[in-house]
Amino acid sequence: MRINVIYNENCSVTLDRLPKKCIDGIITSPPYNINTERSDCYYNNGYSNIDGLSEAEYLKLRTEEFTKFSKVLKEKGVICYNISYSKENPILPTLLVSKIHNETNLTIADIICWKKSNAIPFQTSPTKLSRLTELIYVFVKKSSLHTFRTNKKISKVNGKTGQRFFKNYTNYIEAKNNDGYRSNLKAAYSKDLCQQLINIYFPEGSLIYDPFSGIGTTQLSCIESHCNFIGSELMKEHYDISISRLQKKGLIFHS
Ligand SMILES: C[S@@+](CC[C@H](N)C(=O)[O-])C[C@H]1O[C@@H](n2cnc3c(N)ncnc32)[C@H](O)[C@@H]1O
């Protein structure tokens, strides 16, 4: 298995090739299916042509991916899955999370609220709120719900009982929306967010997979946090940008 590589292909293809239980975790943000029947305007997020499935197709595809994630994930591995919702179908992430819980051996260990620096105000909507936050669902194997691996640091140990106390880590992260890199991908997240997730869950040297790697934000964060990575990105345009961003770091990665 090659590591520190991004593959320009469908993540299903990469997942089929990866050995069982080879990765420590996943940090990713999938398509949100936001091109479905938008009634207000056409919004191109950079991959709109593949981001308008029916609800049933979307739930089936994403759940099948989770079955494959589970196969490549180590027993105590962690999946950080950042997903928000469209104005047309706000229930979709909730339906997806419960389908994954019901149909795979994964479940939710925590839900993190990410507060972004800013949100486009919904000032024309009489009902909907401006979305300043997004959720990160933290999935683990059901068998490891209380024993999954993290990077939490111990602050003290009770000498008599051996009870360990950890530094305080909260399920609230404030982080930039994105890295300010201009491209047609409008759905990139930030290194700021990724690094805070790595800090909670992944010790140095961990192998982190991003199945929807976009312009390479997860991979850049891995490098800066001394972790290893594998990525998959379907669209050549996004893949090329990710390679060029990595090369600017003086690192050359080809699939
Ligand atoms: C929400 S964006 C992720 C952006 C990424 N977190 C970043 O900061 O650059 C989703 C990405 O997944 C890609 N994508 C969609 N379906 C895919 C698939 N089946 N396999 C691999 N990549 C896919 C899209 O082209 C898009 O770049």
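The following paragraphs describe the sheet, two of the helices packed on it, and a pocket in a predicted model.

In this model, eight strands form an open sheet with mixed pairing, in the order S1-S10-S9-S2-S3-S5-S4-S8. Strand S1 (5-7) and strand S8 (172-174) are the edge strands, each of which pairs on one side only, and from one strand to the next the twist averages 20 degrees. Strands of a sheet pair through backbone hydrogen bonds, in either a parallel or an antiparallel manner. Strand S2 (residues 23-28) and strand S9 (residues 207-210) run parallel and are joined by two bridges, with Tyr-209 of S9 serving as the bridge partner of Ile-26.

Helix H4 (residues 191-201) packs on this sheet, where it touches S2, strand S3 (73-83), strand S4 (106-115), strand S5 (133-141), S8 and S9, and the direction of H4 makes about 145 degrees with that of S8. Helix H5 (residues 217-224) likewise packs on the sheet, touching S1, S2, S9 and strand S10 (228-232), with its direction at about 175 degrees to that of S10.

The second largest pocket holds about 470 Å³ of space and is lined by 34 residues, of which Pro-30, Pro-31, Tyr-47, Phe-212 and Glu-233 lie nearest its centre. Two or more lining residues come from each of helix H1 (11-17), helix H2 (55-72) and H5, and H2 gives the most, with four residues. Helix H5 therefore appears both among the helices that pack on the sheet and among the elements that contribute to this lining. By class, the lining of the second largest pocket comprises 18 nonpolar, ten polar and six charged residues.

Methods. Residues are numbered from 1 along each chain as its sequence is written. This is a predicted model: local features need pLDDT of at least 70, side-chain atom pairs count only at pLDDT 80 or more; totals for chains, interfaces and linings use all residues. Side-chain values use heavy atoms; hydrogens and water are left out. Two strands pair if DSSP finds at least two bridges between them. Axes are lines fitted to C-alpha atoms, for helices over the stretch in contact, and angles run from 0 to 180 degrees between N-to-C directions. Contact means heavy atoms within 4.5 Å. On a 1 Å grid over the protein atoms alone, a cavity is a set of points where a 1.4 Å probe fits but cannot get out, and a pocket is an open set with protein on both sides within 12 Å along at least five of seven lines; lining residues have an atom within 4 Å of a point. Grid points are joined across faces, edges and corners, and a volume is the space filled by probe spheres set on the points. Ala, Val, Leu, Ile, Met, Phe, Trp, Tyr, Cys and Pro count as nonpolar, Asp, Glu, Lys and Arg as charged, and the others, Gly among them, as polar.
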